[in-house]
Amino acid sequence: MIITYATIDDFSFLDLIDNHISEKELIKSIKDKKIYLMYDGSVFVGILRYNYFWDNTPFLNFIYVNEKYRSTGCGTKMLKFWEDEMKQKGFTYVLSSSQSNELGQHFFRKNGYKDCGGLILPSEPLEIIFVKEI
């Protein structure tokens, strides 16, 4: 498995899969090297995108694993890669979140993340906030 930064050449592909941010923000995230891509040879495996909560705390915004590679440890490998990079940058903890009706919450807990709060937006289920010391 290879993990690499996304490049502007990946924009169209990323825009199809990650529809949670605007095209402008997607381009900015690519340029800022905040999106990782995982490949098995030349086969696409997954995406991880992050930003900073309060402009100073790494926050994983989006993780996606191709259905064929789910439950194989690939998501955990991407997560660990990101955590290691954040640790190398001097951070001591990272954050993420998942809606209470999503399976993602179990993924984060399985990988050592602890519930640390939540928020409720209008017409949305509880958004669980997770923290992990790295």
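Is Ser 71 buried or exposed in this structure? In this predicted model, Ser 71 is exposed, having a relative accessible area of 81%, and the legends below begin with the chain as a whole before they return to this residue and to others.

**Figure 1. Overview of the protein chain, which has four helices and seven strands.** Read from the N terminus on, the elements of the chain follow the order β-α-α-β-β-β-α-β-α-β-β. The C-alpha trace spans about 40 × 30 × 30 Å along its principal axes. A compact globule with 134 residues would have a radius of gyration near 14 Å, and the protein chain agrees with this because its own value is 14 Å. Of the 134 residues in the chain, 37% are buried. When contacts between residues at least 6 apart in sequence are considered, 52% of them join residues at least 24 apart.

**Figure 2. The surface of the protein chain and its charges.** The accessible surface comes to about 7,900 Å², and carbon and sulfur atoms account for 53% of it. The chain carries 16 positive and 18 negative charges, and the mean positions of these two sets are 5 Å apart.

**Figure 3. Helix H2, which comprises residues 23-31, with its buried residues Leu 26, Ser 29 and Ile 30.** These buried residues cover an arc of only 100 degrees around the axis, which means that they are on the same side of H2. An α-helix has 3.6 residues a turn, so residues three or four places apart point the same way. The cover over the buried residues of H2 includes helix H1 (11-17), strand E2 (35-40) and strand E3 (43-53). On the face of H2 that is turned away from the buried side, the exposed residues Lys 24 and Lys 31 are found. Just after the helix, Lys 33 takes a positive phi of about 60 degrees.

**Figure 4. Ser 29, a residue of helix H2, and its surroundings.** With a relative accessible area of 5%, Ser 29 is buried, because buried means under 20%. If residues up to four places away in sequence are not counted, Ser 29 touches Ile 21, Lys 34, Ile 35 and Arg 49. Leu 14 is 15 residues from Ser 29 in sequence, and the C-alpha atoms of Ser 29 and Leu 14 are 11 Å apart in space.

**Figure 5. Phe 13, a residue of helix H1.** Phe 13 has a relative accessible area of 30% and is therefore partly exposed. Between Phe 13 and Gly 41 the separation is 28 residues in sequence, whereas in space it is 17 Å from C-alpha to C-alpha.

**Figure 6. Trp 54, in the loop between strand E3 and strand E4 (57-65).** Although Trp 54 is not a glycine, it has a positive phi of about 55 degrees. Trp 54 counts as exposed because its relative accessibility is 64%, and exposed means over 50% relative accessible area.

**Figure 7. Ser 123, in the loop between strand E6 (114-119) and strand E7 (127-133).** The backbone of Ser 123 has a positive phi of about 60 degrees, although this residue is not a glycine. With a relative accessibility of 81%, Ser 123 counts as exposed.

**Figure 8. Ser 71, in the loop between strand E4 and helix H3 (74-88).** This view returns to the residue of the opening question, Ser 71, which is exposed with a relative accessible area of 81%. Ser 71 and Phe 107 are separated by 36 residues in sequence, while the distance between them in space is 9.9 Å, C-alpha to C-alpha.

Definitions and conventions: Residues numbered from 1 in each chain as written. Predicted model: local features only at pLDDT ≥ 70, side-chain atom pairs only at ≥ 80, totals over all residues. Heavy atoms only, no water. Buried < 20%, exposed > 50% of the residue type's maximum accessible area, 1.4 Å probe, protein only. Helix = DSSP H or I, 4+ residues; strand = E, 2+ residues; numbered from the N terminus. Arc of directions from axis to C-beta. Contact = heavy atoms within 4.5 Å. Rg over C-alpha atoms; globule rule 2.2 N^0.38 Å. Areas by Shrake-Rupley, 256 points an atom, 1.4 Å probe, with all protein chains shown as cover. Lys, Arg positive; Asp, Glu negative; His and termini not counted. Charge placed at Lys NZ, Arg CZ, Asp CG, Glu CD.
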